[in-house]
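Reader: I'm new to this structure and a bit lost. Could you pick one part, look at it closely, and show me how it fits with what's around it?

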Amino acid sequence: LFAVDSIPAVFAVTDDPIIVFTSNIAAILGLRSLYQVLSVAVQDLVYLEKAVAVVLGFVGIKLGLEVFGFEVSSLLSLAVILGIL
């Protein structure tokens with residue numbers, strides 16, 4: 001049931017059922033292959049899960065700061081995320 005939430009988004013863009021079907025099939029195949037890569041990577045890269053958790057925490061803090069009017073630049077965000085990974 002990967003990419004089920006993208007069906008309404010595609011219908012918002014087009015009414016052509018072939019485009020809706022093919023785009024969702026491509027999304028499903030892409031997500032399944034990405035899942036396979038990540039499942040192998042988690043076994044090989046010991047700190048991957050912790051790094052992803054820290055990146056998600058950073059993104060959450062960044063979004064929280066934007067609510068209070070403090071904007072973190074994209075370059076700084078990219079540097080932090082790449083540094084963590």
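Author: Let's start with a term we'll need: a helix here is a DSSP run of H or I with at least four residues, and helices are numbered from the N terminus. With that in hand, you can place T14, which sits in the loop between α1 (6-13) and α2 (17-44). Keep in mind that everything here comes from a predicted model.

Before we zoom in, here's the whole chain. The protein chain has four helices and zero strands. Its radius of gyration is 17 Å, well over the 12 Å that the globule rule gives for 85 residues, so the chain is more spread out than a compact globule. Along the principal axes, the C-alpha atoms fill a box of roughly 40 × 40 × 20 Å. Just 15% of the 85 residues count as buried. The accessible surface comes to about 6,800 Å², and 74% of that belongs to carbon and sulfur atoms. As for contacts with a separation of 6 or more, 38% of them join residues 24 or more positions apart.

Now for the part I'd pick: α3. This helix covers residues 48-67, which makes 20 residues. From first C-alpha to last, α3 reaches 29 Å, close to the 28 Å expected at 1.5 Å a residue. Have a look at which of its residues are tucked away: L48, A51, V55, F58 and K62 are buried. Seen down the axis of α3, these buried residues fall within an arc of 85°, so they line one face of the helix. There's a handy bit of background for that: an α-helix has 3.6 residues a turn, so residues three or four places apart point the same way.

So what sits over that face? The cover for the buried residues of α3 includes α2 and α4 (74-84). α2 is worth a glance in its own right, with 28 residues and a reach of 41 Å from its first C-alpha to its last, close to the 40 Å expected at 1.5 Å a residue. V20, N24 and A41 are the buried residues in α2.

The chain's end comes in here too. L85 lies in the segment after α4, and it touches A51 and V55, leaving aside residues up to four places away in sequence. You've met both of those already, as buried residues of α3. L85 is also 7.7 Å from L48, C-alpha to C-alpha, although the two are 37 residues apart in sequence. Even so, L85 itself is exposed, with a relative accessible area of 62%.

Now spin α3 around. The face turned away from the buried side carries the exposed residues E49, K50, L56, I61, L63 and V67. Take L56 as an example: its relative accessibility is 58%, and over 50% counts as exposed, so L56 is in that class. L56 is 27 residues from L29 along the chain, and their C-alpha atoms are separated by 25 Å. G60, also in α3, falls in between, being partly exposed with a relative accessible area of 39%. Its C-alpha is 30 Å from that of S23, and the two are 37 residues apart along the chain. Once α3 is done, G69 follows, and its phi is positive, near 90°.

Last, let's go back to T14, the loop residue we began with. At 17% relative accessibility, T14 counts as buried. The side chain of T14 reaches the backbone nitrogen of D16 at 3.1 Å. If you skip residues up to four places away in sequence, T14 touches I19 and V20. V20 is one of the buried residues of α2, and α2 is part of what covers the buried residues of α3, which brings us back to the helix we picked.

Note on methods. Residues numbered from 1 in each chain as written. Predicted model: local features only at pLDDT ≥ 70, side-chain atom pairs only at ≥ 80, totals over all residues. Heavy atoms only, no water. Helix = DSSP H or I, 4+ residues; strand = E, 2+ residues; numbered from the N terminus. Rg over C-alpha atoms; globule rule 2.2 N^0.38 Å. Buried < 20%, exposed > 50% of the residue type's maximum accessible area, 1.4 Å probe, protein only. Contact = heavy atoms within 4.5 Å. Areas by Shrake-Rupley, 256 points an atom, 1.4 Å probe, with all protein chains shown as cover. Polar contact = N/O pair within 3.5 Å; in protein donor to acceptor, adjacent residues only side chain to side chain. Expected span 1.5 Å × (residues − 1). Arc of directions from axis to C-beta.
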